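Here are some notes to read alongside the structure. Keep the viewer open and look up each place as you come to it.

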Amino acid sequence: MKTFCGRANPTTGAMEWLEEDENYDYHQEIARSRYADMLHDKDRNVKYYQGIRAAVSRVKERGEKAIVLDIGTGTGLLSMMAASAGADFCYAVEVFKPMANAAVKIVEKNGFRDKIKVINKHSTEVTVGPDGDMQCRANILVTELFDTELIGEGALPTYEHAHKYLVQEGCEAVPHRATVYVQLVESKRMWSWNKLFPVHVEAEDGEKIIVSPSEMEDCPGVPSVCDIQLNQMPSSDFAILSDVVTMFSVDFSKPVRSASTSYRVQLEPVKSGKAQIVLSWWDIDMDPSGMINCTMAPYWVKSTSAFQWRDHWMQCVYFLPNEEPVLQGEKVYLTACRDEYSVWYKLQKARGEEENKAAVRVESPVCRCQAHLLWNRPRFGQLNDQNRTRQYIKSLTKVLKTDSVCLCISDGSLLPVLAHYLGAKQTVCYFLFFLKFFKANNLEDKIKIIEARPELLTSSHLEDKKISVLVGEPFFTTSLLPWHNLYFWYARTAVASHLTSNVTVLPQSASLHMMIVEFQDLWRIRSPCGTCEGFDVQTMDDMIKNSLNFRESKEAEPHPLWEYPCKSLSDPQEILTFDFRKTVPEYSLSTEGSVNLLRKGKSHGAVLWMEYHLAADISVNTGLMQISNEKGNCEWNPHCKQAVYFFSSVIESETLLDLPSAVTYAINFNTKTGEIAMDFKL
């Protein structure tokens, strides 16, 4: 059966109806899942196995049968561990049907059919009794329901229900407890992901400063956690203001409450500064004594050098509602509020005990300024990047004249304000949200906002004037892959009749670049596992491969590569160019070629990114900033996601002699659909 799915094409802007297979959604879910990453997480798997063995032993020592409930079983791995450890019976609950089907096959293949029953239900729908899904309540509760924030996948309500209806009182739990840790820091870099800093513009009539509207300054932002690979954040990018403290812990062997609550700790700053950010992570004890511990602590906290890389659990960055000055040694209170699924923080000066208690508000932060809904965190960082802004100012200064009529096509961009300050006679833009911005800078009557899409632009919108300068960053909120911002080219084509014959388009062109890389760790998310702790999980590998082949395998996927170290095995290469001075051509743009491998290593895939050529000798790069040493270590633009195309087979070359001399590629940009098809051969 086929289904028609409507979608707005991110590159062309057109509304499309695509015929999709009825299984498209779940193939997407599996292809983009983190199952492979979890199966490759040796530390997690070993600690779970140790914890499960210990729990089964404790139950057996009491002379009881070991009955296990495994909620969110996935591949069935934890149930198979329990059965191997001597559990008498396991109930493995999995709500996602394709996954439950795979678990049944994996359990059978490993010879546990008589010991493990897979139940394809949400745990809250599981019944207990002679005719139920479970014959009796379990006395061992095993789960892996955690995300980076610990509770974001609904662990608390799931545990609450399980204790009420599915497990015995005083049951064993693996993990036994989770503990959340926090540390207060000052970081201009991380704070720039949440607030817009003033922008300084040197204009002919003196310096101008672009400021944010007051509601943006005072806005607490959005409650969603910012989860990142904090181990890639250099220590020079933040100042530690407090020791690491325990914020709260949850004992999973006892009844759990999911109702909203708050926790408070007293902190004594170890350094004076501006408290802006709460960094947070958790650990889990697999046993009551805490001897089997799995931690997400970042590099400056964890003493051991043996780091386990993982992408399914990272660390959290929380933005305080406002930055608060703190003084070394002068105590403050940090409050963590949580609901069933998320956590947020508040900092208060240590005053009277009662006064502080009364001041704690448990409502979740809500964005009032709309900017946090419109811009994601990397976008805030991009707008705060002074070097980048300088490139636009430099190129606008070159092209603007006193009689310039300037149209800006980009989402939530500062370019209209820059163009006005740098001397454009009239500036027009598409974005109602920016009215607040213009008002804050007394420009509401200087810059005109149009509420029509580019293809619906009429000369009356422009008061019968022709556009002499068309500008864009380009940036659009609908873009996922680097080339989706080519929507600027399609918009430029749509407004062609409103442009002067000698119009200046900025950027004048764009180019697509590519490089072959070896990833330090990111390869794991797409790498087959085969066996995991002695169990055959090949069925899962096949399932992921099948789903990738269904649609995704010939597509690149977006990743913020500053978080995922890699080294270049080839030089970067420009492979396609797009000339914005001309309209989008009717024919496809395609290229074939080869790229030479210069270093030994594993060719995991190709990275692709865009470069925008604003004016002569001025360009903005969204990808590779530099190759920092002879080893080929790469530095990436931290405000953009780059496109990663994983090769289906990895070529390993230990010496330059057995290097395949080159990787051949074929790239095709279909101008009708705005999609890029690519193929690589090693």
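1. Let's begin with helix α12, which covers residues 386-399. This is a predicted model, and in it α12 has 14 residues and reaches 20 Å from its first C-alpha to its last. That is close to the 20 Å expected at 1.5 Å a residue. At the start of the helix, look for Asp385: one of its side-chain oxygens comes to within 3.1 Å of the backbone nitrogen of Asn387.

2. Which residues of α12 are buried? They are Arg388, Thr389, Tyr392, Ile393, Ser395, Leu396 and Val399. Keep Arg388, Thr389 and Tyr392 in mind, as these names come back in the next point.

3. Now for the empty spaces inside. The structure holds three cavities of 30 Å³ or more, and about 90 Å³ of space lies in the largest cavity. Its lining is made by Gln382, Leu383, Arg388, Thr389, Tyr392, Ser413, Leu414, Leu415, Leu418 and Glu473. Three helices give two or more residues each to this lining: α11 (377-383), α12 and α13 (415-421). Which element gives the most? It is α12, with three residues.

4. Glu473, which you just met in the cavity lining, deserves a second look. A cis peptide bond joins Glu473 and Pro474, with omega at about -15°. Pro474 sits in the loop between β23 and α15. There is another cis peptide bond to find, between Leu506 and Pro507, where omega is about 5°. Pro507 belongs to the loop between β24 and β25 (509-519).

5. Next comes helix α15, at residues 487-494. Why can we call it largely enclosed by the rest of the structure? Because six of its eight residues are buried. These are Tyr487, Phe488, Trp489, Tyr490, Ala491 and Arg492. Try showing what covers them: the cover includes strands β23 (467-471), β24 (499-506), β30 (573-579), β31 (589-596) and β37 (662-670).

6. Asn441 is a nice residue for practising how to read surroundings. You will find Asn441 in the loop between α14 (435-440) and β22 (447-449). Is Asn441 buried or exposed? It counts as buried, because its relative accessibility is 7% and the cut-off for buried is under 20%. Leaving aside residues up to four places away in sequence, Asn441 touches Ile209, Ile210, Val211 and Tyr421. With Val211 there is a polar partner too: a polar atom of the Asn441 side chain lies 2.9 Å from the backbone nitrogen of Val211.

7. What about the cysteines? A disulfide is a covalent bond between the sulfur atoms of two cysteines. A search of the whole structure finds zero disulfides. Cys136 is in none, and the nearest cysteine sulfur, that of Cys90, is 12 Å away. Cys136 counts as partly exposed, at 34% relative accessibility. Cys532 is in no disulfide either; its nearest cysteine sulfur belongs to Cys529 and is 4.8 Å away. Why does this pair not count? Because two cysteine sulfurs must be within 2.5 Å to be called a disulfide. Cys532 is buried, at 2% relative accessibility.

8. Two residues are worth checking for their backbone angles. Glu533 has a positive phi of about 50° although it is not a glycine. Its place is the loop between β26 (531-532) and β27 (535-536), and at 23% relative accessibility Glu533 counts as partly exposed. Gln370 also has a positive phi without being a glycine, at about 75°. Gln370 is in the loop between α9 (353-359) and α10 (371-374), and it is partly exposed, at 42% relative accessibility.

9. To finish, visit the second largest pocket, which holds about 910 Å³ of space. How many residues line this pocket? There are 37, and those nearest its centre are Tyr35, Gly72, Glu144, Leu145 and Glu153. The elements that give two or more residues to the lining are α2 (35-39), β3 (67-71), α4 (77-84) and α6 (155-165). Of the elements, α2 gives the most, with three residues.

How values were computed
Residues numbered from 1 in each chain as written. Predicted model: local features only at pLDDT ≥ 70, side-chain atom pairs only at ≥ 80, totals over all residues. Heavy atoms only, no water. Helix = DSSP H or I, 4+ residues; strand = E, 2+ residues; numbered from the N terminus. Buried < 20%, exposed > 50% of the residue type's maximum accessible area, 1.4 Å probe, protein only. Polar contact = N/O pair within 3.5 Å; in protein donor to acceptor, adjacent residues only side chain to side chain. Contact = heavy atoms within 4.5 Å. Expected span 1.5 Å × (residues − 1). 1 Å grid on protein atoms, 1.4 Å probe; cavity = no way out; pocket = protein on both sides within 12 Å on 5 of 7 lines; lining within 4 Å. Points joined across faces, edges and corners; volume = space filled by probe spheres on them.
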